[in-house]
Structure formats: structure tokens, C-alpha cells
Amino acid sequence: MTPLKSAAQFSFDLLAGALTGRDAARATGTLHVLGNPGGRIHLREGGIVCVESPGSPGPDALLSRTRRISESALGETELHVVAMMATQDAAFTIVAGDVEDCLFTPQTLDVPVAMATAIDPVRLLQETSRRITSLLALKHPLSPHRDRLSPSHDADLSELVPARAEILSHATGRQTARDIAFASGRSVFPVTVEACRMVSDGLLTVVANPAAVAADPQPAVPLPRSLRRQLLPKLFKQPERKAP
């Protein structure tokens, strides 16, 4: 299984520093989190209105599971709850992956579904820390992005509760907990936690050599074209040579 502790701590520290730093304080704009899977954090006057990542299902995917795809079919409170769930899950997914850098730009971008009330960055960081800590405390913590799952020989779908049966049905040996979350229209964090428990209970096994399994491509978070010229030189800046 993929070690999570040191990688998650490094990713969390980078994200926390960016969200509580000078650039993000009371700012309106977008924090681009570069990495795998990476993501975007949308700020309005210092509050977070949305977090999105290609590594976690967005509000539309969560809504489709309940067969209520149209936002007009939801009340404002219910829509806020779904947006909050997607935001918290995206933040967890980003930190559980690899964060390489965080770059803030004052440009506001369209968001899938914004929360009705912005949340304080510290509150989101606290919830993200709680989720990572809870995952690491399990007997068999898994990386939601890297550990590919396969059913054990003794697993029987008919004997499982629906949530476990659904996870098991998608565990083909090629799918990670993140992949299973997308396939089932559920948030990555609860799927990952339940998959960890199923490994402990002998219902799932982790593919011994993930490198031998053809991995699904990881989509990068695309930068708006107008920002590429501004941001990319920072990533590839060469160190200055000292004069002889």
C-alpha cells in the first residue's frame, strides 16, 4: 500500500500556507493547486465558495446519484449542503494526492455550484486535517489515488450491505477508491474509508504491483489560457548563474 503520512503532511502544509498567507487574506480570486490531482479553490473576499478537483466527483455527480440533476429541483439549503459536501471532498482529495505548488491569481473563474455562504479557510483546513487523520488512524489506510483494489476470493456480494456491495462490484483490480467513487457517484472520502475497512475485513485486497496494471490517465487541472503565460514561467524558472 502507498505510504500516506509524509506525503499528506507535505501537501497539507503547502495548501495551508497558501490559504492562510498574505495573498489569500480577504482576497477575491482563484488559488490554483498544482499537482496530482490538483484543483482550484475559489475565494470571495477571503471566504471559500467552491473547491473543485478532477480527483473527486463534483456537485453534478453527487446530484445524479439522487436522480435530481437539475439545480432547480433543489432548495437553496439542500443545494448548499451538496456544494459543501463536494468542496470538503475536493479539499481532502487534493491533500491526499501530491501538491507541488499553489499559485493565487486575482481572476475569478466560473464555478460549478457555489456555496450559498462562504466558509473560512481555517474551517476547511480543520475538516481536511480531521479527514486525513481519520484515514491514517485506520488499520489499513489506502491512497485513494494509487492503491488499486480487487475482491478477495471469499467476498460474496449477496451477504454485504448495499454500500459495501457497490464498492466490491467496482473493485476490478484496476480501480482505486477514487475511481470507485466516480463510478458510484459518491464522495471519495467515505468510499476510501469503507474500502480501508473492507481490506481489514478481508473483503478487498490491494493489487500487489500497481505499476503492472495499466493506470487510467490522471487529468490535470487546466489553467485558463490567459493565465498560462503568467504562471508557467514561475514553474520553469532557471536558477541564476553566479558571475565568474
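## Strand pairing in two sheets

Strand β5 (residues 148-151) pairs with β7 in the antiparallel sense, over three bridges. The model is predicted.

Me: In the pairing of β5 with β7, which residue of β7 is the bridge partner of serine 150?
Reply: β5 covers residues 148-151 and pairs with β7 in the antiparallel sense. The bridge partner of serine 150 in β7 is threonine 205.

Me: Which strands stand at the edges of the open sheet of three strands, each with a single partner strand?
Reply: The strand order in this antiparallel sheet is β6-β5-β7. A strand with a single partner has one side left without a neighbour in the sheet, so the edges are β6 (175-176) and β7 (204-206).

Me: What is the strand order in the open sheet of four strands?
Reply: Pairing in this sheet is antiparallel. β3 (47-52) and β4 (98-105) are the edge strands, each pairing on one side only. From one strand to the next, the twist averages 20°. The order is β3-β2-β1-β4.

Me: Which residue in β3 stands opposite arginine 44?
Reply: β2 spans residues 39-44 and runs antiparallel to β3, with five bridges joining the two. Opposite arginine 44, in β3, stands glycine 47.

Me: At about what angle to β4 does helix α1 run?
Reply: Helix α1 (residues 5-19) lies across β1 (29-36), β2, β3 and β4. β4 is one of the edge strands of that sheet. The angle between helix α1 and β4 is about 10°.

Definitions and conventions
Residues numbered from 1 in each chain as written. Predicted model: local features only at pLDDT ≥ 70, side-chain atom pairs only at ≥ 80, totals over all residues. Heavy atoms only, no water. Pairing = 2+ DSSP bridges. Axes fitted to C-alpha atoms, helices over the stretch in contact; angles between N-to-C directions. Contact = heavy atoms within 4.5 Å.
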